[in-house]
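Colleague: I should like to go through this model with you and ask on what grounds its features are named. Please set each value against its criterion.

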Amino acid sequence: MKIKTKLTLAVGILFLFIALLSALAIRQVHLLSRDTKNILQANYISLDYTRNMHKMIDKPEITKEDLTEFETLLQKQNKNITEVGERELTQDLLTHFNQLKSQPENNLFVSNIRKDLNDIMKLNMDAILRKSDTASQTADNSILWISITSAFCFIMGFTLLVNLPGYIANPIKNLTDSIQQIAAKNYSQRLYFKGHDEFSSLAKSFNTMAEKLQEYSDSNLAKLMMEKKRIETLINNLFDPVIGLNENNIILFINEQALKISGLKKDDVIGKQAEQVAVTNDLIRSLLQKIETRENKDASIKIYADNKESYFEKQLVPINITPTGEEEKKQIGSFIILRNITPYKELDFAKTNFIGTVSHEFKTPIASMKMSLQLLDNEQTGKLNEEQKNLVESIREDTDRLLRTTGELLNISQVETGNTKLKIELCDVNSLIIEAIDINQKLAEQKSIAIKYAPSVNLSPVLADKEKATWIISNLISNAVRYSYENTVVEITAYMTGNKIILSVKDCGIGIDPKYLPKIFDKYFRVPGTEKEGTGLGLAISKEFVEAMGGTIEVKSELGEGSEFLITLLIS
């Protein structure tokens, strides 16, 4: 049967039901008063809710469970508002309840809640009485009006019987034809119905769908998919391992190099939580630990790859966007790049070994040179004239400088290879400082510089390697003397604070530009423009030694006001 025939039959049956409805409605009106209780159902529910809430709030001691049950009933009451003014009263009740939750001991809030509950109950009880009276009056009037309405329905039913089938069937036929056009990819098809009924709304929705389909069809989706594949191919062909994460640490992509060094399979990783993968994979676990701790001091990671121990440098790149309509950036993910620095590490190891070997080999001939110079100073080997003495003194200075440089190179090679051995013991601070001063006294006298230090008897012994601690202090004094102006003072102080001793070496030199202070302890770094001799290793070695002994070293300096180096060592 066609829909038009079905609708015609339905309207015919509806016409018959209207006649029966007239007789049935007259009978039902007489039963309206008896069924008034059905009208009161909504108000009764509100009364039941408020009654139960009254029980909760009237308890001598209100528990957390009571507050939770009270809040549940309050939420139900908020959804059962049927009377004018009931919403405002319920909102007041919610406000007072929130205050009670924050201060459960406040009886004023309990009193306010009781008042709100009573007001809601009174409002619903009044409504019940009002509706009961109204229902009785309605019952009397319904008989007359239903009779009139029945006659009207008869006329309307006849009208619908004539007009409704075509009114419904024709738009449905148009809609069916348009859907067939859309199925045939004719996305330019549109529907137009007059009026503001359901068919008009359906036509608008249909037209919106057709427009979206047309936009989708005409969009650059294919190009976007191609670009996505191109980016994925590019990432997979990168020499460096790359892992992409979203803001919840779910792995979005991982290239072939990362799979290779981690021993993972792509299907077992993509879409998985990184923490879950880290449980069974050491590399992912190590990367996550470095991300969480923001570890930057040693960013290199040693991994067995390419049949050898390889070194990778981790770089975490956050992905930030500014959402539409907002000003602050939001992190939506990140990706980890592991740069293969194995060749550089191998070169660095080779350099360190070479420096250590050469420096060690230099010490023996340098020691022989110093011994020869001592023999030349001995008059038993023959007297030297004044010019020869000057030459010998010049050679001695060069030998000392060469020996100092060789020692620094040996120290830095030990630091870089991890072969530094410390003999930690209790050391007297005054003895360390005095010994370091004696080493540099001759250099200071040549520039007419006074090294000022007042030993203190109140200093506790420090835990340090005596030889290296003396070397550190001597190196700082030597730098202070070399960079101070002639006829000035190098001031050394030492004092105790807490369980530490702070040792200060302050010079009267030109100072250091603030922009170079962060690099002052880097290996081979020298302040640009300085004309003083040196390798740029002394401060780097000092920092490594001090930190190995559990201490710290820092510098304070301003141009034109000299520099002050501070060493902190732990006491026993």
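Colleague: Which residues does Val-505 touch, leaving aside those up to four places away in sequence?

Modeller: This is a predicted model, and in it Val-505 touches Leu-476, Ile-477, Ala-480, Val-490, Glu-491, Ile-492, Ser-563, Glu-564 and Phe-565. Each is called a contact because heavy atoms lie within 4.5 Å.

Colleague: What makes Val-505 stand out in the largest nonpolar core?

Modeller: That core has 43 residues, and Val-505 is among those that touch the most other members, together with Val-429, Ile-433, Val-462, Ile-477, Ile-492 and Ile-567. Helix H15 gives the most to this core, with seven residues. A second, separate core has 21 residues, including Ile-251, Val-269, Val-277 and Leu-283.

Colleague: How do you know that H14 and H15 pack against each other, and which residues make the contact?

Modeller: The axes of H14 (residues 429-446) and H15 (residues 466-483) come within 8 Å and cross at roughly 35°; the crossing is right-handed. From H14 the contact takes Leu-432, Ile-433, Glu-435, Ala-436, Ile-437, Ile-439, Asn-440, Leu-443 and Ala-444. From H15 it takes Lys-466, Ala-469, Thr-470, Ile-473, Ser-474, Ile-477, Ser-478, Val-481 and Arg-482. By class there are 11 nonpolar, four polar and three charged residues in this contact.

Colleague: How does H15 pack with H16, and what is the hand of the crossing?

Modeller: Their axes are 10 Å apart at an angle of about 145°, and the crossing is left-handed. H15 contributes Lys-468, Trp-471, Ile-472, Asn-475, Leu-476 and Asn-479, while H16 contributes Gly-538, Leu-539, Ile-541, Ser-542, Phe-545 and Val-546. This contact has seven nonpolar, four polar and one charged residues.

Colleague: Why are Trp-471 and Phe-545 called an edge-to-face pair?

Modeller: Three aromatic pairs are found in the whole structure, and in this one the ring centres are 6.1 Å apart with 75° between the planes. Centres must lie within 6.5 Å for a pair, and planes over 60 degrees apart count as edge-to-face; the values 6.1 Å and 75° therefore meet both conditions. Trp-471 lies in H15 and Phe-545 in H16 (residues 538-548), so the pair ties together parts that are 74 residues apart in sequence.

Colleague: Why is Trp-471 called partly exposed, and is Phe-545 buried or exposed?

Modeller: The relative accessible area of Trp-471 is 23%. Buried means under 20% and exposed over 50%, with partly exposed in between, so Trp-471 at 23% is partly exposed. Phe-545, at 2%, counts as buried.

Colleague: What makes Phe-521 and Phe-565 an edge-to-face pair as well?

Modeller: Their centres are 6.3 Å apart and their planes 90° apart. Because the limits are within 6.5 Å and over 60 degrees, the pair of Phe-521 and Phe-565 qualifies as edge-to-face. Phe-521 lies in the loop between strand E10 (500-506) and H16, and Phe-565 in strand E12 (residues 563-570), so this pair ties together parts that are 44 residues apart in sequence.

Colleague: How do you know that Phe-521 and Phe-565 are buried?

Modeller: Phe-521 has 14% relative accessibility and Phe-565 has 9%. The cut-off is under 20%, so Phe-521 counts as buried, and so does Phe-565.

Colleague: How many helices and strands does the chain have, and what percentage of its residues count as buried?

Modeller: The protein chain has 16 helices and 12 strands, and 34% of its 572 residues count as buried.

Definitions and conventions. Residues numbered from 1 in each chain as written. Predicted model: local features only at pLDDT ≥ 70, side-chain atom pairs only at ≥ 80, totals over all residues. Heavy atoms only, no water. Axes fitted to C-alpha atoms, helices over the stretch in contact; angles between N-to-C directions. Helix = DSSP H or I, 4+ residues; strand = E, 2+ residues; numbered from the N terminus. Left-handed = near helix turned anticlockwise from the far one by under 90°. Nonpolar A, V, L, I, M, F, W, Y, C, P; charged D, E, K, R; others polar. Core = buried A, V, L, I, M, F, W, Y, C linked by side-chain atoms within 4.5 Å. Buried < 20%, exposed > 50% of the residue type's maximum accessible area, 1.4 Å probe, protein only. Phe/Tyr/Trp six-rings, centres within 6.5 Å; stacked < 30°, edge-to-face > 60°.
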